[in-house]
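Please open the model in your viewer and set it to a cartoon representation, with side chains ready to be switched on as the tour proceeds.

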Amino acid sequence: MTTAFETLSENRCFGGTQGVYRHRSQATHTDMTFGLYLPPQAEHGRVPVLWYLSGLTCTHENAMTKAGAQAWAAQAGLALIFPDTSPRGEGVADDEAYDLGQGAGFYVDATQAPWAPHFRMWHYVTHDLPALVFDHFPLDRDRQGITGHSMGGHGALTIAMSLPHVYRSVSAFAPIANPSQSDWGRKQLTAYLGADQAGWGAHDATVLMQERGFPGAVLVDQGSHDQFLDLLRPEALAHAMTARRQPGQFRMQPGYDHSYFFVSSFMADHIRFHAEQLA
């Protein structure tokens with residue numbers, strides 16, 4: 001039987017295993033690399049899953065090595081999945097700017113040239129990669145949570161609010177909270193989806209919060225000294241959560257910036273939050 005993926009590395013980590021794998025994606029029509037942490041509890045049965053979506057310029061590796069998530073996931077018995085942020089490779093469209101193209105997939109399915117053939121990150125994260133990991137690893141499909149940082153926080157919130165029957169918990173670190181009204185969003189949504197803004201709302205966490213919210217609690221952490229505050233527009237999401245009386249917390253953390261020092265400082269809180277929701 002032919003394996004559906006290639007093992008690039010596996011390392012013992014806090015009693016579990018941190019793996020890196022590569023597979024051929026039916027969504028992006030490229031080879032895609034992802035990280036998967038299995039806690040020690042996975043040796044005895046299926047475990048709940050927390051998806052971590054990374055931000056602009058990142059790969060699967062950034063959060064896997066910088067977020068400090070594995071120690072807390074091992075204690076909680078959570079698996080962690082770290083997808084890449086875009087398709088890559090020869091023949092894949094790109095742009096000179098860091099915030100468009102490879103490394104900047106924005107977790108949408110592109111409809112516009114030259115992006116449409118490969119940039120289908122929404123489908124990759126919600127259908128393609130899950131089909132692989134749930135078939136080959138001891139993961140509980142009925143207990144999934146999702147989180148992310150910056151562009152990945154945008155992806156986590158929009159995906160969870162769009163598919164609440166799939167994801168039982170959602171959180172975000174410094175998400176791009178209102179991309180349809182930000183230079184981190186208008187540029188990318190125009191490029192990937194076209195100039196007609198009617199379709200942008202499905203990929204804007206503030207709009208989705210206003211329209212539907214999330215059936216469970218939501219946790220969002222934002223640093224007060226984030227150098228990208230004007231691009232992230234956290235106040236828009238906070239107001240939408242308040243107006244909707246959305247269960248959960250929006251926490252402005254004093255003095256923290258946009259870096260992984262910020263993410264790692266509050267990772268334990270997010271792991272505990274998801275573990276409680278997925279218990």
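A residue is called buried here when its relative accessible area is under 20%. With that cut-off in mind, and remembering that this is a predicted model, select helix α8, residues 234-244, and show its side chains: P234, A236, L237, A238, A240 and M241 are buried.

Which elements cover the buried residues of α8? Add α4 (151-162), α6 (205-211) and α7 (229-232) to the selection, together with the strands β8 (218-223) and β9 (248-253), since these are included in the cover. Then step just past the end of α8 to R245, which takes a positive phi of about 55°.

Next, select the strands, which form an open sheet of nine in the order β1-β2-β3-β5-β4-β6-β7-β8-β9, with mixed pairing. At its edges lie β1 (6-13) and β9, each of which pairs on one side only. Averaged over this sheet, and with direction ignored, neighbouring strands are turned by 20° against each other.

Zoom in on β8 and β9, which run parallel and are joined by six bridges; here Q222 can be found opposite M252 in β9.

Finally, bring back two helices that meet the strands. Helix α2, residues 69-76, packs on the sheet and touches β1, β2 (16-24), β3 (31-38) and β5 (79-82), its direction making about 145° with that of β5. Helix α4, already selected as part of the cover of α8, lies across β4 (47-53), β6 (139-148), β7 (169-173) and β8, and runs at about 135° to β6.

How values were computed:
Residues are numbered from 1 along each chain as its sequence is written. This is a predicted model: local features need pLDDT of at least 70, side-chain atom pairs count only at pLDDT 80 or more; totals for chains, interfaces and linings use all residues. Side-chain values use heavy atoms; hydrogens and water are left out. Buried means under 20% relative accessible area, exposed over 50%, partly exposed in between (1.4 Å probe, protein chains only). Helices (H or I, at least four residues) and strands (E, at least two) are DSSP runs, numbered from the N terminus. Contact means heavy atoms within 4.5 Å. Two strands pair if DSSP finds at least two bridges between them. Axes are lines fitted to C-alpha atoms, for helices over the stretch in contact, and angles run from 0 to 180 degrees between N-to-C directions.
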